[in-house]
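Please open the model in your viewer and keep the selection tool at hand. The stops below are meant to be followed in order, each with something to select and something to look for.

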Amino acid sequence: MAVTVEELDRARSAFHASATHNSFNTGRYLLRYYTWGCGPPIVFIHGMADAAQAFIMVECELINRFTCVGYELPDGTTDGSHLNRYKPKDYVADLVALIDHLALGPAKVVGSSFGSTITLAAIAAEPSRFTHAVLQNGFAYRPLNAAQRTLANFARFWPGWFSDWPRIHGYVMRRIERRVLTGMPEPVARLFLKHGSQTPIRASALRSLAIDRTDLRPLLPDIHLPVLLITGDRDALVPQWCWEELERLLPRSQRIEFPGCGHYPQYTHPHEMAQAIARFIEHNPL
């Protein structure tokens, strides 16, 4: 089912009316978060160049059954973090600090793209804190090519935000997701581009280099939580072999693929993504 403007408007209205926003200091940065809904908690972790509110259309369909929690990853610019020093364990420590701060108890966790590496590292290091994990267009190992690595090493010294270069940012993102953005209502496309443009260029580069250095494959056979892999048949950013490795190495994984879907189903297929998450949790009880 194609995303609609009405779906976005409904989610935005509900979010602004009932989501609660707050922040606290993890000891590494000022973590900004929101909580929305009621019921068992699901923590959503956004991707490399995205924002916590990327999931609001998905969450809008879950808030009657779950408490949805979204938070901003450290950006090294506005929140006091030293992003150049961050390692996987630091991202995990921040996630655990948020869970403790909100007294969530065992939680479900959804990680998108770069957020999937945080999810994997967290459920491997702190399995008792989680009950289910969802990896949306995720990977355990996804090295950069030489050109991407060179660009990221250069961009980590580049000040400002992608919003300072709206035409370039819009052109690049529309090229990456051209097959799905062409069929997306313009207000949804603008939201997608807006969230990406709010990422500091340096943060995107440092997160890219973190991806390049990360190989979580040795941890996967020891992860015994149920894990759902959500993939798209038109993903231009994460190769097929990435999720094939996850399927092969995770003992309790299952996968669902959305047809006509690229790297961002939270924008293009929110209804399907919400249904998949709810079914996965309901069909894999504790």
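Begin by selecting tyrosine 34, whose bridge partner in β4 is glycine 70. This is a predicted model, in which local features need pLDDT of at least 70 and side-chain atom pairs count only at pLDDT 80 or more, while totals for chains, interfaces and linings use all residues. Residues are numbered from 1 along each chain as its sequence is written, and side-chain values use heavy atoms, with hydrogens and water left out.

**The strands**

Widen the selection to β2 and to strand β4 (residues 67-71), which run antiparallel and are joined by five bridges; two strands count as paired if DSSP finds at least two bridges between them. Helices (H or I, at least four residues) and strands (E, at least two) are DSSP runs, numbered from the N terminus. Next add strand β1 (residues 20-25), which is joined by six bridges to strand β2 (residues 30-37), again in an antiparallel arrangement. Within this pairing, serine 23 has arginine 32 of β2 as its bridge partner. β1 and β2 form a hairpin with four residues between them, and in the turn you can pick out glycine 27, which has a positive phi of about 100 degrees.

**Helix α3**

Now select aspartate 94, which is found in helix α3. Is aspartate 94 buried or exposed? Its relative accessible area is 1%, so aspartate 94 is buried, where buried means under 20% relative accessible area, exposed over 50%, and partly exposed in between (1.4 Å probe, protein chains only). Leaving aside neighbours within four places in sequence, aspartate 94 is in contact with Thr26, Arg28, Tyr29, Leu31, Pro74 and Tyr86, contact meaning heavy atoms within 4.5 Å.

Valine 96 lies in the helix α3 (residues 88-101) as well, and it counts as buried because its relative accessibility is 9%. Measure in the viewer from the C-alpha atom of valine 96 to that of threonine 26: the two are separated by 9.5 Å, although they are 70 residues apart along the chain. With neighbours within four places in sequence left aside, valine 96 is in contact with Glu126 and Arg129.

**Helix α12 and a salt bridge**

Move on to helix α12 (residues 270-283), whose 14 residues should span 20 Å at 1.5 Å a residue, and whose end C-alpha atoms are 20 Å apart, which agrees; the expected span is 1.5 Å times one less than the number of residues. Among the buried residues of α12 are Met273, Ile277, Phe280 and Ile281.

Then show the side chains of arginine 65 and glutamate 282, which meet in a salt bridge (2.9 Å, N to O), that is, a side-chain nitrogen of Lys or Arg within 4 Å of a carboxyl oxygen of Asp or Glu. This pair links distant parts of the chain, with arginine 65 in the loop between α2 (56-59) and β4 and glutamate 282 in helix α12, 217 residues apart. Arginine 65 counts as partly exposed at 40% relative accessibility, and glutamate 282 counts as partly exposed at 45%.

**A second long-range pair**

For the last stop, select arginine 149 and aspartate 212, which form a salt bridge with their closest N and O atoms 2.7 Å apart. Here too distant parts of the chain are linked, since arginine 149 is in helix α5 and aspartate 212 in helix α9 (residues 201-213), 63 residues apart. Arginine 149 counts as partly exposed at 30% relative accessibility, whereas aspartate 212 is buried, with a relative accessible area of 18%.
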